[in-house]
Amino acid sequence: MTNQEFKAELDQLLKPHGFKKKGNKWTSETEELEKIIELQKSNFSNSYYLNYGFNFKDLDYTEVTMHIWNRFGPSKRKENKIFIKTLDLESPLNPTERIQNLKLFISSLLLPEINGINAKEDVVKKLKSRKHLNDVFLRVKRHLNLITQ
């Protein structure tokens with residue numbers, strides 16, 4: 001499977017859910033948020049990472065790609081191994097199996113996660129459930145009133 005074919009399959013999976021493609025990013029908007037799914041190419045192989053996150057429409061912070069950033073991957077070890085193999089275009093998966101895996105992970109894990117967050121308060125609730133906020137930009141934490149100054 002070529003890189004272009006892989007991206008086209010991902011586009012076909014995301015488009016029915018309101019995501020629009022531009023480059024290696026797919027975006028969808030709510031009143032308060034821009035939802036982003038990004039396909040990041042590995043520098044070391046013909047493999048990809050799938051990142052997702054959110055930008056707040058009322059925060060002017062264009063120095064970063066995403067105000068809230070996450071790397072997607074199933075939490076169960078066995079599923080994660082399959083997911084990594086699915087995103088590695090050099091792995092011996094046949095195209096049908098790769099597409100089936102991609103559909104499964106996108107529809108059962110990624111879309112429910114990203115579509116369950118539609119407002120700033122949803123993001124704050126999700127962030128408060130984390131063990132730490134070390135990966136959240138200071139400017140974003142201030143914007144969300146997650147730190148005291």
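## Pairing of β3 with β4

In this predicted model, Lys-41 of β3 stands opposite Tyr-48 in β4. The two strands, β3 and β4 (residues 48–56), run antiparallel and are joined by nine bridges. A second facing pair in this part of the sheet is formed by Ile-36 and Gly-53, the latter in β4. The connection from β3 to β4 is a hairpin of six residues.

## Pairing of β2 with β3

Strand β3 (residues 33–41) also pairs with β2 (residues 25–29); this pairing is antiparallel and comprises five bridges. Lys-25 is placed opposite Glu-38 of β3. Here the chain passes from β2 to β3 through a hairpin of three residues.

## The sheet as a whole

These strands belong to an open sheet of five strands, arranged in the order β1-β2-β3-β4-β5 with antiparallel pairing. The edge positions are taken by β1 (20–22) and β5 (68–71); each has a single partner strand, so one side of each has no neighbour in the sheet. From one strand to the next, the twist averages 25°.

## Helices on the sheet

Two helices are described here in relation to the strands. Helix α1 (residues 3–14) lies across β1, β2, β3 and β4, and its direction is at about 160° to that of β3. Helix α3 (residues 95–115) packs on the sheet as well, where it touches β3 and β4. The direction of α3 makes about 20° with that of β4.

## Contact between α2 and α3

Helix α3 also meets helix α2 (residues 77–87): the two axes come within 9 Å and cross at roughly 125°. Angles from 65 to 115 degrees count as roughly perpendicular and those over 145 as roughly antiparallel, so at this crossing angle α2 is oblique to α3. The crossing of α2 past α3 is left-handed.

On the α2 side, the contact is made by Glu-79, Ile-82, Phe-83, Lys-85, Thr-86 and Leu-87. On the α3 side, Arg-98, Asn-101, Leu-102, Phe-105 and Leu-109 take part. By class, the residues of this contact between α2 and α3 divide into six nonpolar, two polar and three charged.

Notes
Residues are numbered from 1 along each chain as its sequence is written. This is a predicted model: local features need pLDDT of at least 70, side-chain atom pairs count only at pLDDT 80 or more; totals for chains, interfaces and linings use all residues. Side-chain values use heavy atoms; hydrogens and water are left out. Two strands pair if DSSP finds at least two bridges between them. Helices (H or I, at least four residues) and strands (E, at least two) are DSSP runs, numbered from the N terminus. Axes are lines fitted to C-alpha atoms, for helices over the stretch in contact, and angles run from 0 to 180 degrees between N-to-C directions. Contact means heavy atoms within 4.5 Å. Angles under 35 degrees count as roughly parallel, over 145 as roughly antiparallel, 65 to 115 as roughly perpendicular and the rest as oblique. A crossing is left-handed if the near helix is turned anticlockwise from the far one by less than a right angle, and right-handed if clockwise. Ala, Val, Leu, Ile, Met, Phe, Trp, Tyr, Cys and Pro count as nonpolar, Asp, Glu, Lys and Arg as charged, and the others, Gly among them, as polar.
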